[in-house]
Amino acid sequence: MQRATSVPAPGVRRLLIRPNGSLSSTAALAIVVMLGVLTLGIAVGFWVAGAWLVLPFAGLEFAAVALGFYVVARRQGDFELLVIDDAHVELTQRQRARRRHYRFPRYWTNVWLEPGAHRWYPSRLTIGSHGRRVEIGSFVTDDERQELSRQIVQLLRPAAPEPMASVSAVSMARTAAADRRGTAG
């Protein structure tokens, strides 16, 4: 999972969640072409040797591998963007070229991390309010989902009030001592 947080404006927090994508589309295309050439070369060699039935099965095998690479490449652009400002939580999801947008009031927004029905089932992380919940982080591992849950809860917490920087304990003590003496200063 690749995550990036940034602060575009005061009071606005962003969390971008993307699945791991270690293979670029150019590299994937190069691998598919190399596998195709290699498979076709071996299949033609068997065809010349008289085993003509190898050729159609090699073609099916190559088609299955190419389809797998295509499916993975389509999911490469999926993401979930969580934008948290002072009043709202907005979630934009892009999955398989379909975009969905959700908006929740920040004060009422909750995060739920539910364990799977069995120990081998993945957990579910949902975010929502007022009876409406949306699953988030479905393409990450359970450990990453737990960390994501902690991070979202942290981002949803209201900011702590700023301490008074201009008044220190020493200056307060001096003011109190001056008040007792009857002088300001």
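Two rings of Phe, Tyr or Trp count as an aromatic pair if their centres lie within 6.5 Å, with the six-membered ring used for Trp. By this rule, the predicted model holds 2 aromatic pairs. The rings of Tyr107 and Trp108 form an edge-to-face pair. Their centres are 5.0 Å apart, and their planes stand at 90°. Tyr107 is exposed, at 71% relative accessibility. Trp120 and Tyr121 make up another pair. Here the centres are 6.0 Å apart. The planes meet at 85°, so this pair is edge-to-face too; the label applies to angles over 60 degrees. Trp120 is exposed, with a relative accessibility of 61%. Tyr121 is partly exposed, at 40%.

Charged side chains were examined next. The whole structure contains 7 salt bridges. One of them joins Arg94 to Asp78, with 3.8 Å between the closest N and O atoms. This pair links distant parts of the chain, as the two residues are 16 apart. Arg94 belongs to strand 4, which covers residues 88-95. Asp78 sits in the loop between helix 2 (54-74) and strand 3 (79-84). The two partners differ in exposure. Asp78 has a relative accessibility of 1% and is therefore buried, the limit being under 20%. Arg94 has a relative accessible area of 22%, so this residue is partly exposed. The contact is also part of a network of salt bridges that links Arg75, Asp78 and Arg94.

Strand 4 also holds Glu90. This residue forms a salt bridge with Arg103, and the closest N and O atoms are 3.5 Å apart. Arg103 lies in strand 5 (residues 98-105), 13 residues from Glu90. The bridge again connects distant parts of the chain. Glu90 is partly exposed, with a relative accessible area of 21%. Arg103 is partly exposed as well, at 44%.

A further salt bridge brings together Arg133 and Glu114, with an N to O distance of 2.3 Å. The residues are 19 apart, and the pair links distant parts of the chain. Arg133 is in strand 8 (residues 132-135). Glu114 is in strand 6 (residues 110-114). Arg133 counts as partly exposed, at 39% relative accessibility. Glu114 is partly exposed too, with a relative accessible area of 27%. Arg133 has an aromatic contact besides this bridge. The residue lies over the face of Trp112, at 4.0 Å from the ring centre. Arg133 thus takes part in a salt bridge with Glu114 and sits over the ring of Trp112.

Terms used: Residues are numbered from 1 along each chain as its sequence is written. This is a predicted model: local features need pLDDT of at least 70, side-chain atom pairs count only at pLDDT 80 or more; totals for chains, interfaces and linings use all residues. Side-chain values use heavy atoms; hydrogens and water are left out. A salt bridge is a side-chain nitrogen of Lys or Arg within 4 Å of a carboxyl oxygen of Asp or Glu. Helices (H or I, at least four residues) and strands (E, at least two) are DSSP runs, numbered from the N terminus. Buried means under 20% relative accessible area, exposed over 50%, partly exposed in between (1.4 Å probe, protein chains only). Rings of Phe, Tyr and Trp (its six-membered ring) pair if their centres lie within 6.5 Å; planes under 30 degrees apart count as stacked, over 60 as edge-to-face and the rest as tilted. A charge sits over a ring if NZ of Lys or CZ of Arg is within 6 Å of the ring centre and within 35 degrees of the ring normal.
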